[in-house]
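Welcome to a short guided tour. Keep your viewer open and your selection tool ready.

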Amino acid sequence: MVTHWLPMLAAVAAALLAAVVLWPLRQQGRRSFVLGVVALGVAGACLYLLVGNPQAAQVQPAPSVATLRDGVEALQQALQRDPQRADGWALLGRSQAELGNAAAAADAFNRAAALAPDEPGVLVEAAQARAQADPGKQFDDTALAWLQRAHTLSPDAERASWLLGIALRQRGRNAEAADLWSTLLPRLEPGAAQALQAQITIAREAAGQPLDTPAATAPALLQVRVHLPASLKAGDWPASTQVFVLARAVGGPPMPVAARKLPLASFPATVGLGDGDSPMPTAPLSAHREVEVLARISRSGSANRSEDDLQTAPVKVSLPHDGVVELRFP
């Protein structure tokens, strides 16, 4: 375990020592200082990987940790001599967090945020450090203000939006959190978007705005007739069996843009799909010109496909679509 962490410890220690050694470069501008720190930090880590002796480190692991702590102490002394460096305080905050000193990390980031009130990245890190130092992991009013400021300065910053949503939910402002998180969905990968959508659903339900409310009133854009296979016997399938009727973007990710789930006993049947069936409100069914429509019989009732499931071949249709899309299982 110690050997596994040594390269990272070496890199952090090297970066800290580099910050102290290169501190005079700050007079030439922040860019020269930061580039110098990163270069020496990476070089130190690479040198360790090339010539380091992991077996010796297993016998005497303490010096690496001590070196890291010495670097933190040296950086603290440098900041005492020149306390107006926001980047130095931010580096100290990250280093204290690596050492598990949550309170010290929060204090360092407090200084960084005070010196750089218009740096969204610093404000977000400061707010997160402040919450980590809180016994209940709560974002207090100061942390909330920092996140709101960061979001105002950089509306597309995903981390700021995510943490601000958490802070709002902690205050019971669930509808605001859900609206904020919804703006992130189009920029996320399908897996991350699906996970965030689940959190949005929870937030809307907590706010008394369940996502399935629009589904009852939104008009159907597609009518899909699902025919069960002639060989299928309902008694051979467990009670948990569900039929999923799905519409996917043509050439897009596998996550559906509209979906309905009904018990097997309901079929054969005609199912309507509309914007109310879209798992992502920011990317409804009506936003697509073409979709692939298919149906799947799931023994477990899970949305994740398994080997025992039966699935129809996808049928490509243009939207808006007149008539009924016929789906048949092989």
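Why does Leu285 count as buried? Select Leu285 and colour by accessibility: its relative accessibility is 0%, and because anything under 20% is classed as buried, Leu285 falls in that class. Keep in mind along the way that this is a predicted model.

**Stop 1: around Leu285**

Stay with Leu285 and show the backbone as a cartoon. Leu285 sits in the loop that joins strand 4 (269–274) to strand 5 (290–298). Now display its contacts, skipping residues up to four places away in sequence: you should find Leu221, Ala247, Val257, Ala258, Leu273, Gly274, Asp275, Ser278, Val291 and Leu319. For a distance check, pick the C-alpha atoms of Leu285 and Ala220; they lie 9.8 Å apart in space, with the two positions 65 residues apart in sequence numbering.

**Stop 2: helix 6**

Next, select residues 102–115, which form helix 6. This helix has 14 residues and reaches 20 Å from its first C-alpha to its last, close to the 20 Å expected at 1.5 Å a residue. Show side chains for Ala105, Ala106, Ala108, Phe109, Ala112 and Ala113, the buried residues of helix 6. Turn the view until you look down the axis of helix 6: the buried residues fall within an arc of 165°, so they line one face of the helix. To see what covers them, add other elements, including helix 5 (86–98), helix 7 (120–133) and helix 8 (141–153).

**Stop 3: the cores**

Which residues touch the most other members of the largest nonpolar core? Select Leu92, Phe139 and Leu147, which hold that place among its 31 residues. Helix 4 (62–81), helix 5, helix 6, helix 7, helix 8, helix 9 (158–170) and helix 10 (174–182) each supply at least two residues of this core. Helix 7 gives the largest share, seven residues. Zoom in on Leu92: beyond its neighbours within four places in sequence, Leu92 contacts Val72, Leu75, Gln76, Leu79 and Ala108. Then look for a second, separate core of 26 residues, with Leu222, Leu232, Phe267 and Leu319 among them. You met Leu319 earlier as a contact of Leu285.

**Stop 4: helix 8 and helix 9**

Finally, select helix 8 and helix 9 together. Their axes come within 9 Å and cross at roughly 140°, and the crossing is left-handed. Show the side chains where they meet: Leu144, Leu147, Gln148, Ala150 and His151 on helix 8, facing Ala160, Ser161, Leu163, Leu164, Ala167 and Leu168 on helix 9.

Terms used:
Residues numbered from 1 in each chain as written. Predicted model: local features only at pLDDT ≥ 70, side-chain atom pairs only at ≥ 80, totals over all residues. Heavy atoms only, no water. Helix = DSSP H or I, 4+ residues; strand = E, 2+ residues; numbered from the N terminus. Buried < 20%, exposed > 50% of the residue type's maximum accessible area, 1.4 Å probe, protein only. Contact = heavy atoms within 4.5 Å. Expected span 1.5 Å × (residues − 1). Arc of directions from axis to C-beta. Core = buried A, V, L, I, M, F, W, Y, C linked by side-chain atoms within 4.5 Å. Axes fitted to C-alpha atoms, helices over the stretch in contact; angles between N-to-C directions. Left-handed = near helix turned anticlockwise from the far one by under 90°.
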